[in-house]
Amino acid sequence: MPTFEFPYLGFQIAPSDPFPKGQAAFRPMAVAELTASTGKRLRCLVCTDSGADSCVFPSSFASVLGLDILTMKKHLTAGVGSSANATASCDLHIDLGRGIQFTAYAGFTPGLDSTGFGHLGQAGFFDRYNVSFFQAPAQIHN
Amino acid sequence: MATPAIHYSSLLKDLHAGAWVAISEKTMSVIAYSAEIQTVVERSRQQGETDPLIVRVPELAGTLFL
């Protein structure tokens, strides 16, 4: 089984009432190249998200990839603060670089359009790779 | 090691929240930005960048993502 690392990417979160000094959120992110059955490609950021049931991406990516969401199979998905998101799915080739590439049955949902990055979840990613999380070095060195 | 996602915050800090952005990974610079993702992709191609990294300026920059 291949071994690889996802460096944590730090995001500064603005101060709020419970966190007056703000917060730093560290997320295990990588650059991925997506290729659809149309042959069209898109490079984007992805977060390795063990809490996601499957691999999902912003619905805006579908049009760039030449996919017609209206003709794709759909089901409803939910996340924190949102539910009943219509998610259209199809096979998608995902290349993380350095030989790490796979095809997953991935979804496209408007629920992720506000963030603009994808999530690599349990079905399609974590069921193929052993992934260890070790955030502490990112906090020390970033 | 997988392709690293370096810290892009400095490239995005002066752009409008919610904008789609095309970044050249070769020059580490913003090629195009727009409210529409297709516009960003088309403008990148017009400038000779066929494989830009597409990101979005967070609409909720002050929100912890869960």
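B:S34 is buried, its relative accessible area being 13%, where buried denotes under 20% relative accessible area, exposed over 50% and partly exposed the range in between, with a 1.4 Å probe and protein chains only. This is a predicted model, in which local features need pLDDT of at least 70, side-chain atom pairs count only at pLDDT 80 or more, and totals for chains, interfaces and linings use all residues. Residues are numbered from 1 along each chain as its sequence is written, chains are lettered from A and ligands numbered from 1 in written order, and side-chain values use heavy atoms, without hydrogens or water.

B:S34 belongs to strand β2 of chain B, residues 29–34, strands being DSSP runs of E with at least two residues and helices runs of H or I with at least four, numbered from the N terminus. A polar atom of the B:S34 side chain lies 3.0 Å from the backbone nitrogen of B:E36. Beyond neighbours within four places in sequence, B:S34 is in contact with B:A19, B:W20, B:T39, B:V40 and B:R43, contact meaning heavy atoms within 4.5 Å.

Chain B as a whole has two helices and three strands, arranged along the sequence as α-β-β-α-β, and 41% of its 66 residues count as buried.

A disulfide requires a pair of cysteine sulfur atoms within 2.5 Å, and by this rule there are zero over all chains. Two cysteines of chain A are tabulated below.

| Cysteine | Nearest cysteine sulfur | Relative accessible area |
|---|---|---|
| A:C44 | A:C55, 11 Å | 0%, buried |
| A:C55 | A:C44, 11 Å | 0%, buried |

Methods
Polar contact = N/O pair within 3.5 Å; in protein donor to acceptor, adjacent residues only side chain to side chain.
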